[in-house]
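Could you walk me through this structure in the viewer, stop by stop? I would like to know what to select next and what to look for there.

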Amino acid sequence: MGLTNDVQIVLVEDSFDDAELTQRSLKNSNFVNEVIWLKDGEQAINYLQGKGEYEKRDTAIKPRLILLDLKLPKLSGLEVLERIKKDENLHKIPVVVMTSSKENKDLDRCYELGANSYVVKPINFSNFMEVTKEISMYWVLINQIPEE
């Protein structure tokens, strides 16, 4: 099965405002069919692995991209990233860390764990919208992912 156009982006973000901006930017770009918004790290892992409230989800349908915040409730973004990259069924999905953290230790740790990209969220509204659009355009339309 592998990747599909049904779910293109999984957004793991606890901030309502950042999630709203990201989803609006993706919708305005007109090339993303669906965005799944997950509000904490535990919910993200459950969704991706088809556990808990998502046990009936077809896990053969994988997202083209995961946008991951670092500061999350229940499981941190670093813990989520580590679990994704250690999971044989998920490790090929590109993960772009979108965070407000400019700390080198966070940047280094994300790449050590297998992040595909690390982006500091712009403060300015229009810059945030543009960066989100560019990230998704590259990872959803241009980047090639191996089939399972």
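Start by selecting Glu13, which counts as buried at 4% relative accessibility. Keep in mind throughout that this is a predicted model. Now add Lys121: the two residues form a salt bridge, and their closest N and O atoms are 2.6 Å apart. Lys121 sits in the loop between β5 (117-120) and α5 (125-142), while Glu13 belongs to the loop between β1 and α1, so this pair ties together parts that are 108 residues apart in sequence. Lys121 also counts as buried, at 10% relative accessibility.

Next, select Lys74 and Asp40. They form a salt bridge as well, with the closest N and O atoms at 3.8 Å. Lys74 is in the loop between β3 and α3 and Asp40 in the loop between β2 and α2, so the parts tied together here are 34 residues apart in sequence. Is Lys74 buried or exposed? With a relative accessible area of 61%, Lys74 is exposed, whereas Asp40 is buried at 12%.

Stay on Asp40 for a moment and bring in Glu42. Asp40 caps the N-terminal end of α2, with a side-chain oxygen 3.0 Å from the backbone nitrogen of Glu42. Then run your selection along helix α2, residues 41-49, where the buried residues are Gly41, Gln43, Ala44, Ile45, Tyr47 and Leu48. What do they pack against? Show β1 (9-12), β2 (35-38), β3 (65-68) and α3, and you have the packing partners of these buried residues. Just after the helix comes Gly50, whose phi is positive, near 65 degrees.

Now for the rings. There are 3 aromatic pairs in the whole structure. For one of them, select Phe16 and Trp37: the ring centres are 6.0 Å apart and the planes meet at 55 degrees, so this pair is tilted. Phe16 comes from helix α1 (residues 16-29) and Trp37 from strand β2, so the pair ties together parts 21 residues apart in sequence. Another pair is Tyr47 with Tyr54, whose ring centres are 5.2 Å apart with planes at 85 degrees, so this one is edge-to-face. Tyr47 is buried, with a relative accessible area of 6%, and Tyr54 counts as buried at 16%.

Keep Tyr47 and Trp37 on screen and look for charges over their rings. Arg57 lies over the face of Tyr47, 4.1 Å from the ring centre. Over the ring of Trp37 sits the charged end of Lys39, 4.1 Å from its centre.

Move on to helix α3 and select Glu82 and Lys86. Both lie in this helix, 4 residues apart, about one turn of the helix. They form a salt bridge with the closest N and O atoms 3.1 Å apart. Glu82 is partly exposed, at a relative accessible area of 27%, and Lys86 counts as exposed at 66%. Now compare a network: Glu13, Asp18, Asp69 and Lys121 are joined into one by salt bridges that share partners. The structure has 8 salt bridges in total.

For the last stop, pick Ile93, in the loop between α3 (77-86) and β4 (95-99). At 2% relative accessibility, Ile93 counts as buried. Which residues does Ile93 contact, leaving aside neighbours within four places in sequence? Show Lys62, Pro63, Arg64, Leu65, Ile66, Lys85 and Asn116, and those contacts of Ile93 are in view.

Technical notes:
Residues numbered from 1 in each chain as written. Predicted model: local features only at pLDDT ≥ 70, side-chain atom pairs only at ≥ 80, totals over all residues. Heavy atoms only, no water. Helix = DSSP H or I, 4+ residues; strand = E, 2+ residues; numbered from the N terminus. Buried < 20%, exposed > 50% of the residue type's maximum accessible area, 1.4 Å probe, protein only. Contact = heavy atoms within 4.5 Å. Polar contact = N/O pair within 3.5 Å; in protein donor to acceptor, adjacent residues only side chain to side chain. Phe/Tyr/Trp six-rings, centres within 6.5 Å; stacked < 30°, edge-to-face > 60°. Lys NZ or Arg CZ within 6 Å of the ring centre and 35° of its normal. Salt bridge = Lys/Arg side-chain N within 4 Å of Asp/Glu carboxyl O.
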